[in-house]
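The following exercises introduce a protein model step by step. Please study the sequence and the structure before reading each solution.

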Amino acid sequence: MKLLRNAAIAVALSASVLTACQGPSEVLYQGYVVDQETLALAPVGSSREQVLLSLGTPSSTATFDNEVFYYISQKRKRAAAFLKPKVVEQSVLAVYFDKDGNVERLAHYQLQDGKVFDMIARVTPTGGAETTFLGQLLRGGANPGTVMKNIFGNN
């Protein structure tokens, strides 16, 4: 009977400690949230300058030319401060321009429409494999003498 009571107390304490560790979840908003009133200031046919004045500087532009402005916003959520946030909502407003610099069409994309934009990774993926120092030594790509001189100086 005493063992059962101690086990019940241990379970109750464990549950309360785990509940306290969970804490409130955190919601993070990032980017430009477009509302309908602001969007009405840049209708189809308006100029690039009018779009910049009403919507502001875009989050991103097209890679090869400035014919598309992207206004990106994300809602991310994480259960605890030390966990990586997960994207739960994403909105991308794409403003397409014609050759004359006027708005040709507007498109609104959501998270289910495509790939998640990673706006804060600051990492550029490269082709090939990244090799460690030991891997370079074993492959013959690094001269140990030169590496040691670089580390300890040219004495």
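**Exercise 1.** Determine whether glutamine 74 counts as buried or exposed, and describe its surroundings.

*Solution.* Step 1: glutamine 74 has 5% relative accessibility and therefore counts as buried; buried means under 20% relative accessible area, exposed over 50%, and partly exposed in between, with a 1.4 Å probe and protein chains only. This is a predicted model, in which local features need pLDDT of at least 70 and side-chain atom pairs count only at pLDDT 80 or more, while totals for chains, interfaces and linings use all residues. Residues are numbered from 1 along each chain as its sequence is written, and side-chain values use heavy atoms, with hydrogens and water left out.

Step 2: glutamine 74 belongs to strand β3. Helices (H or I, at least four residues) and strands (E, at least two) are DSSP runs, numbered from the N terminus.

Step 3: the side chains of glutamine 74 and glutamine 90 are joined by a polar contact of 3.0 Å. Such a contact is a pair of N or O atoms within 3.5 Å; within protein, one must be able to donate a hydrogen and the other to accept it, and residues adjacent in sequence count only if both atoms are side-chain atoms.

Step 4: in β3, eight of the 11 residues are buried, and the strand is mostly covered.

**Exercise 2.** Identify which strands are joined to β3 by bridges.

*Solution.* Step 1: two strands pair if DSSP finds at least two bridges between them.

Step 2: strand β1 (residues 26-31) runs antiparallel to β3, with six bridges. Here glutamine 30 stands opposite glutamine 74.

Step 3: strand β2 (residues 60-61) is also antiparallel to β3 and is joined to it by two bridges. Threonine 61 faces phenylalanine 69 as its opposite residue in β3.

Step 4: between β3 (residues 68-78) and β4 there are 10 bridges, again in an antiparallel arrangement. Valine 68 has tyrosine 96 as its bridge partner, and lysine 75 stands opposite glutamate 89.

**Exercise 3.** Explain why strand β4 is described as largely enclosed, and follow the chain into β5.

*Solution.* Step 1: β4 covers residues 86-97, and nine of its 12 residues are buried, so the rest of the structure largely encloses this strand.

Step 2: seven bridges link β4 to the antiparallel strand β5 (residues 103-110). Tyrosine 96 is placed opposite arginine 105 of β5.

Step 3: the two strands, β4 and β5, make a hairpin with five residues between them, and glycine 101 in the turn has a positive phi of about 90°.

**Exercise 4.** Place these strands within the protein as a whole, and state how confident the prediction is.

*Solution.* Step 1: the protein contains five helices and five strands. Along the sequence they follow the pattern α-β-α-α-β-β-β-β-α-α.

Step 2: of the 155 residues in the protein, 21% are buried.

Step 3: the average pLDDT, which is the predictor's confidence in each residue from 0 to 100, is 76, and 66% of the residues score at least 70.

Step 4: among the elements, the lowest mean pLDDT (62) belongs to helix α1 (residues 2-22) and the highest (90) to helix α3 (residues 48-55).
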